[in-house]
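Me: I have a structure open and would like to go through it with you. Could we take the buried aromatic residues first and then move on to the strands and helices?

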Amino acid sequence: MTFENLSLIEPILRAVKEEGYTHPTPIQQQAIPVVLNQRDILGCAQTGTGKTAAFAIPVLQLLSQNMTKGPKHIRTLILTPTRELAIQINESFAAYGKHLSLSHAVIYGGVSQLAQTTALRRGLDILIATPGRLLDLMQQGHVHLNKIEIFVLDEADRMLDMGFINDVKKVVAKLPHKRQTLFFSATMPTDIIKLANTILTEPVEVAVTPPSSTVDKINQQLYYVSKADKKNLLQYILKDKAIKSALIFTRTKHGADKVMRELSKNGTKALAIHGNKSQNARQNALNDFKSGAIRVLVATDIAARGIDVDHLSHVINFDLPNIPETYVHRIGRTGRAGADGVAISFCDIEEKAFLKDIQKDIGKAIPVVAEHPYLPSAESIKSELIALEMEKLAKKGKSNSGYGGKKFGSAKPAGAPATGKQKSWYGKKTYKN
Ligand code: AMP
């Protein structure tokens, strides 16, 4: 299947070619004809599958084939959960629509609204927005949605996770009843299906392979390592010149800063992005990473959501996420649209339970790199096990605080390994990758 088979108009075909796309991705093959037929869509697809083009291309075509007369008004609204995604979607509209005369703009919070209201006043065909800033500008009278023809709800499940569902409902309430709606979500939990049922009319369902199988082509590697040695292992791994660009994930903002500082201290230029950074700092870091000015970007899950870096060679999970789906989302940043990618995960003793859940979710064991300089030693295993047990006991102690200050008797906590013969917590079944 080629883009020519999809009945696209010449200016779009030319733009797609200039982007270097040769074949539509599966979600594009499925969604483009349905949107062009003016049907609603319930789409199950995650970032990295080419879903932005799957809605942007036919939306541009429908709008340009039916240009309205008179002053410009917003004809399409795309609602997306994060600023980074909003910016990327806007860039996609610019790329695919560059030979058309449709205008578009993006609005999101965390920055001055002046440039956004100026763009709105000038008149637009397509508005890309995050929910908070959109509602804000609607309340101020800068945005009117009464002439929307096509509404796209992007990453609906993430909207739910981030607590935006009521905002989404408020926006939907202001849309005309007669409209085309395209609904995309990476997962379809019950709440999302309920929401979809309230805003879609006889939708056509399109779905690409569920997230876990889309990551099959990514080369996944697992490094068992003690918590204390993670930073050393990271330095060691980053020496590999094959790592052209690495997006490193940490569980916390504090952790991201710490990793970034550690890398910088040791001569690796790196930046961190997370919720405590200003929008400008985040965008600058992202631009530096995309342009190749820095090779390493450290990020938390929320900040990295939707980051689209062409040809990202490596994802490194400095910390394993406690939600399996997050693992799939993270490693999906690499291996985009058919490209190869490597996903490296560190696993310390505390993260073994997370690993178990992840492997269950993706339906396979992540290949273990059995030889590296920071394999946990018996000593480090022992002290980590003890620390872990102490922590557990301390927690238990806290929750039992009304229990008359009972002391934990044994000097060696229960579960701490006996000296002498020890079983490795990371098991024996390892092989070289
Ligand atoms: P998305 O799922 O929309 O975040 O897109 C993921 C990446 O795939 C982006 O970098 C797009 O530029 C790229 N992409 C989208 N469609 C195609 C295609 N048909 N061929 C090659 N790359 C594509």
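**Aromatic pairs, sheet and helices**

Reply: Tyr-223 and Phe-346 are both buried. Please note that this is a predicted model.

Me: What kind of aromatic pair do Tyr-223 and Phe-346 form?

Reply: The pair is edge-to-face, with 6.2 Å from centre to centre and 70 degrees between the planes. Tyr-223 belongs to strand 8 (residues 218–224) and Phe-346 to strand 13 (residues 341–347), so the pair links parts that lie 123 residues apart in sequence.

Me: And in which sense do strand 8 and strand 13 pair, and over how many bridges?

Reply: Strand 8 and strand 13 pair in the parallel sense, over 7 bridges. Within that pairing, Phe-346 in strand 13 is the bridge partner of Tyr-223.

Me: How many residues of strand 8 are buried?

Reply: In strand 8, 6 of the 7 residues are buried, and the strand is mostly covered. Helix 16 (residues 352–362) lies across strand 8 and strand 13, and runs at about 160 degrees to strand 8.

Me: Let us widen the view. What is the strand order in the open sheet?

Reply: The open sheet has 6 strands in the order 8-13-12-9-11-10, with parallel pairing. Its edge strands are strand 8 and strand 10 (270–273), each of which pairs on one side only. On average, neighbouring strands of this sheet are turned by 20 degrees against each other, direction ignored.

Me: What about the interior of the sheet: over how many bridges do strand 9 and strand 12 pair?

Reply: Strand 9 (residues 246–249) and strand 12 (residues 314–317) pair over 4 bridges, in the parallel sense. Ala-246 stands opposite His-314 of strand 12.

Me: Back to the rings. How many aromatic pairs does the structure hold?

Reply: There are 6 aromatic pairs in the structure. In addition, one aromatic cluster is formed by Phe-3, Tyr-21 and Tyr-96.

Me: Which residue lies over the face of Phe-318?

Reply: Lys-230 lies over that face, at 5.6 Å from the ring centre of Phe-318.

Me: One last topic. Why is helix 15 described as largely enclosed?

Reply: Helix 15 (residues 324–331) has 7 of its 8 residues buried, so the rest of the structure largely encloses the helix. A residue counts as buried when its relative accessible area is under 20%.

Me: Which residues of helix 15 are the buried ones?

Reply: They are Pro-324, Thr-326, Tyr-327, Val-328, His-329, Arg-330 and Ile-331.

How values were computed:
Residues numbered from 1 in each chain as written. Predicted model: local features only at pLDDT ≥ 70, side-chain atom pairs only at ≥ 80, totals over all residues. Heavy atoms only, no water. Buried < 20%, exposed > 50% of the residue type's maximum accessible area, 1.4 Å probe, protein only. Helix = DSSP H or I, 4+ residues; strand = E, 2+ residues; numbered from the N terminus. Phe/Tyr/Trp six-rings, centres within 6.5 Å; stacked < 30°, edge-to-face > 60°. Lys NZ or Arg CZ within 6 Å of the ring centre and 35° of its normal. Pairing = 2+ DSSP bridges. Axes fitted to C-alpha atoms, helices over the stretch in contact; angles between N-to-C directions. Contact = heavy atoms within 4.5 Å.
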